[in-house]
Amino acid sequence: MSIPAYRRFVFPSSANPHLPLIVESIGCNPDQEKVNRPEGYPCYHWLQTDDGEGRITYGGESIILKTNSGILLPPGMPHAYEAIDRNKWGTYYLTFGGEAAGAILSAYAIHEPARFDWESDSILSDILASIVEQLQLGNDPFGLEVSSAAYRFLGLLSKYGQASRIPVTRGIEKLQPLLTWINENYDNPDIGLDTLAEVLNTSGRHLNQLFQSIFAISPYAYLIQHRIHKAKEQLAGQPDLTVIQIAGKSGFRDASHFVATFRRHTGMTPQQFRKLHI
């Protein structure tokens, strides 16, 4: 789908302040101008390339956004971007917030800032263009439909996009053996910070600093998020397992701890989550 002329749709958040996901703006720009935001953007900001190439600078790193790639930046993160070599750069963008925006991203295992790449025939190539096309009909003045569409977009991004954290540095390479180990051993309830540090033969303090610099969370918080993610897979895909069984398989010592942690991370109980997928 070729990019149309410049369009931007802005929605009044005051009309639906309690939507879990509130779209502030969505649009396209066939000739993206140079942008410099030393104080970042006040909302979550998604930017993807439709045509040409652009360079975006964040956190002292500079990356190239080619066709079929995009980046999600959190609120308030300084950044700048521009077309490469003054050539035309066509982009689509989506900015959003809302009371549950952070929880929704966490549920989809999207840890911003993150870059995503996808195949040229992926649905991700055209989904924002389709939303913009529908909005041109003028049937969604308060952003109800686009909020639902944005939620779906994030889900598809998580499912079909290939994510990589930014900056892509030697830090992530150092952590990769531990991330693999966590994926293989998350069901062990005896794992603690010392255990995680031993995998990389480093100190707990250094490991915590490394995780904070890359994921903006502690190593143990990452482990808990991974356990919750695996529990969701089992709740949705293995209806014969009880909550107590899933708690054990996900690395929790008992069901009450599992339920409390699951509710804190998702805003609902495991049973409530399961009912959404029955």
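Two strands are said to pair if DSSP finds at least two bridges between them. By this rule β3 and strand β8 (residues 79–83) are paired, in the antiparallel sense, over 3 bridges. The legends below describe close-up views of a predicted model.

**Figure 1. An open sheet is formed by 4 strands in the order β3-β8-β5-β6.** The pairing in this sheet is antiparallel. Strands β3 (35–37) and β6 (61–65) stand at the edges with a single partner strand each, so one side of each is left without a neighbour in the sheet. From one strand to the next, the twist averages 15 degrees. Where β3 meets β8, R37 stands opposite H79 of β8.

**Figure 2. Strand β5 (residues 54–58) pairs with β6 and with β8.** The antiparallel pairing of β5 with β6 extends over 5 bridges, and 5 bridges also join β5 to β8, again in antiparallel fashion. Individual partners can be located in the view: G54 is bridged to L65 in β6, while R55 has E82 in β8 as its bridge partner. Strands β5 and β6 form a hairpin with 2 residues between them. In the turn of this hairpin, G59 has a positive phi of about 60 degrees.

**Figure 3. The side chains alternate along strand β5.** G54, I56 and Y58 point to one face and are buried. R55 and T57 point to the other face and are not buried.

**Figure 4. Helix α2 (residues 127–135) packs against helix α3 (residues 144–160).** Two packed helices are described by the angle between their axes and the distance between the axes. Here the angle is about 175 degrees and the axes lie 11 Å apart. Angles over 145 degrees count as roughly antiparallel, and α2 and α3 are therefore roughly antiparallel to each other. From α2, the residues I127, L128, I131 and L135 take part in the contact; they meet V146, A149, R152, F153 and L156 of α3. The residues of this contact divide into 8 nonpolar, no polar and 1 charged.

**Figure 5. Helix α2 contains several buried residues, which other elements help to cover.** The buried residues in α2 are I127, L128, A129, I131, V132 and L135. An α-helix has 3.6 residues a turn, so residues three or four places apart point the same way. What covers the buried residues of α2 includes β1 (7–10), β2, β4, β9 and α3.

**Figure 6. V132 is a residue of helix α2.** V132 counts as buried because its relative accessibility is 1%, and buried means under 20%. Not counting residues up to four places away in sequence, V132 touches R7, F9, I26, G27, C28 and Y92. V132 and R7 are 125 residues apart along the chain, and their C-alpha atoms are separated by 8.0 Å.

**Figure 7. The largest nonpolar core has 33 residues.** Those with the most contacts inside this core are I26, W46, L94, F96, I131, F153 and L157. At least two residues of the core come from each of β2 (22–29), β4 (44–51), β9 (90–97), α1 (101–107), β10 (114–117), α2 and α3. Helix α3 gives the most, with 7 residues. F153 touches W46, Q48, L94, L124, I127 and L128, not counting residues up to four places away in sequence. A second, separate core has 16 residues, including L207, I214, F215 and L223.

**Figure 8. A109 and N201 lie in loops.** Most residues other than glycine have a negative phi. A109, in the loop between α1 and β10, has a positive phi near 60 degrees. With a relative accessible area of 38%, A109 is partly exposed. N201 is placed in the loop between α5 (193–199) and α6 (204–215). Although N201 is not a glycine, its phi is positive, at about 55 degrees. N201 counts as exposed because its relative accessibility is 72%, and exposed means over 50%.

Note on methods
Residues are numbered from 1 along each chain as its sequence is written. This is a predicted model: local features need pLDDT of at least 70, side-chain atom pairs count only at pLDDT 80 or more; totals for chains, interfaces and linings use all residues. Side-chain values use heavy atoms; hydrogens and water are left out. Axes are lines fitted to C-alpha atoms, for helices over the stretch in contact, and angles run from 0 to 180 degrees between N-to-C directions. Angles under 35 degrees count as roughly parallel, over 145 as roughly antiparallel, 65 to 115 as roughly perpendicular and the rest as oblique. Contact means heavy atoms within 4.5 Å. Ala, Val, Leu, Ile, Met, Phe, Trp, Tyr, Cys and Pro count as nonpolar, Asp, Glu, Lys and Arg as charged, and the others, Gly among them, as polar. A nonpolar core is a set of buried Ala, Val, Leu, Ile, Met, Phe, Trp, Tyr and Cys residues joined through side-chain atoms within 4.5 Å. Buried means under 20% relative accessible area, exposed over 50%, partly exposed in between (1.4 Å probe, protein chains only).
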